[in-house]
Amino acid sequence: MTQDNTESKKLLVVYHSQSGRNERLAYAAAAAATEEGVQIRLLRAMEASCKDLIWCDGVLLCTPENFGALSGGIKDFLDRCFYPAIDRNLVRPYALMVCSGNDGSNAVRQLEKIAKGMGLKPVAEPYVCHGRPNDAHLAAARELGQALAAGLELGVF
């Protein structure tokens with residue numbers, strides 16, 4: 001999903017999903033963010049690159065918790081972007097959604113450490129979805145996407 005409008009802020013939504021759970025959350029968040037008038041790039045983690053991170057004004061990361069840890073797909077995206085982001089002194093606001101079969105806390109901790117090292121600044125509490133996303137989880141994802149987009153559009157972040 002890509003929506004381009006040269007005058008608006010840009011939000012990158014990067015997700016890793018094998019079961020479809022995070023994909024549903026990411027799509028819900030991205031759809032709500034478009035309502036705020038921001039440009040959206042919604043990409044699987046393996047398709048996203050540092051060029052996308054440079055392009056955006058903010059990023060929403062959607063990851064499963066795999067074996068009590070950050071998913072390999074999101075970790076790979078961040079690994080590929082780490083040094084180019086540091087070299088360019090990129091500072092980007094970010095929000096995080098974790099779909100967890102456990103409690104999600106270790107995945108959140110791992111991402112927070114990586115984000116701090118590469119200049120990503122948290123602008124919302126991490127949202128952790130336990131189990132399969134239901135209507136309440138999808139509503140929370142939409143709310144997070146909309147809030148992040150609104151904050152970018154208003155220049156809050």
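Arginine 80 and aspartate 76 sit 4 residues apart in helix 3 (residues 72-87), so about one helical turn separates them. Helices here are DSSP runs of H or I with at least four residues, strands are runs of E with at least two, and both are numbered from the N terminus. The two side chains form a salt bridge, with the closest N and O atoms 2.8 Å apart. That term stands for a side-chain nitrogen of Lys or Arg within 4 Å of a carboxyl oxygen of Asp or Glu.

A word on the model before going on. It is a predicted one, where local features need pLDDT of at least 70 and side-chain atom pairs count only at pLDDT 80 or more, while totals for chains, interfaces and linings use all residues. Residues are numbered from 1 along each chain as its sequence is written, and side-chain values use heavy atoms, leaving out hydrogens and water.

**Salt bridges**

By the rule above, the count comes to 4 salt bridges. Among them are these:

| Pair | N to O distance |
|---|---|
| Arginine 80, aspartate 76 | 2.8 Å |
| Arginine 41, aspartate 52 | 2.9 Å |
| Glutamate 23, arginine 44 | 3.4 Å |

Arginine 41 belongs to strand 3 and aspartate 52 to helix 2 (residues 50-55), so this pair ties together parts 11 residues apart in sequence. Glutamate 23 and arginine 44 also meet in a salt bridge. This one links distant parts of the chain, with glutamate 23 in helix 1 (residues 21-34) and arginine 44 in strand 3 (residues 39-44), 21 residues apart.

How open are these residues? For accessibility, buried means under 20% relative accessible area, exposed means over 50%, and partly exposed is in between (1.4 Å probe, protein chains only). Aspartate 52 counts as buried because its value is 10%. Its partner arginine 41 is partly exposed at 22%. Partly exposed also fits glutamate 23 at 25%, arginine 44 at 32%, aspartate 76 at 27% and arginine 80 at 33%.

**Helix 4 and the cores**

The 14 residues of helix 4 (residues 105-118) should span 20 Å at 1.5 Å a residue, and the end C-alpha atoms are indeed 20 Å apart. The expected span is 1.5 Å times one less than the number of residues. Which residues of helix 4 are buried? They are Ala107, Val108, Leu111, Ile114, Ala115 and Met118. They cover an arc of only 135 degrees around the axis, so they lie on the same side of helix 4; the arc is taken from the directions from the helix axis to the C-beta atoms. Lys113 and Lys116 are exposed on the other side of helix 4. Just after helix 4, glycine 119 has a positive phi of about 90 degrees.

The largest nonpolar core has 28 residues, and Val14, Leu53, Val59, Phe77 and Leu78 have the most contacts inside it. Such a core is a set of buried Ala, Val, Leu, Ile, Met, Phe, Trp, Tyr and Cys residues joined through side-chain atoms within 4.5 Å. Helix 4 gives this core its largest share, 6 residues.

Leaving aside neighbours within four places in sequence, leucine 78 is in contact (heavy atoms within 4.5 Å) with Leu61, Leu70, Leu111, Ile114, Met118 and Leu120. Apart from this core lies another, of 25 residues, including Leu60, Cys99, Tyr127 and Ala149.

**Histidine 137**

Finally, histidine 137 is found in helix 5 (residues 135-154). It counts as buried, since its relative accessibility is 13%.
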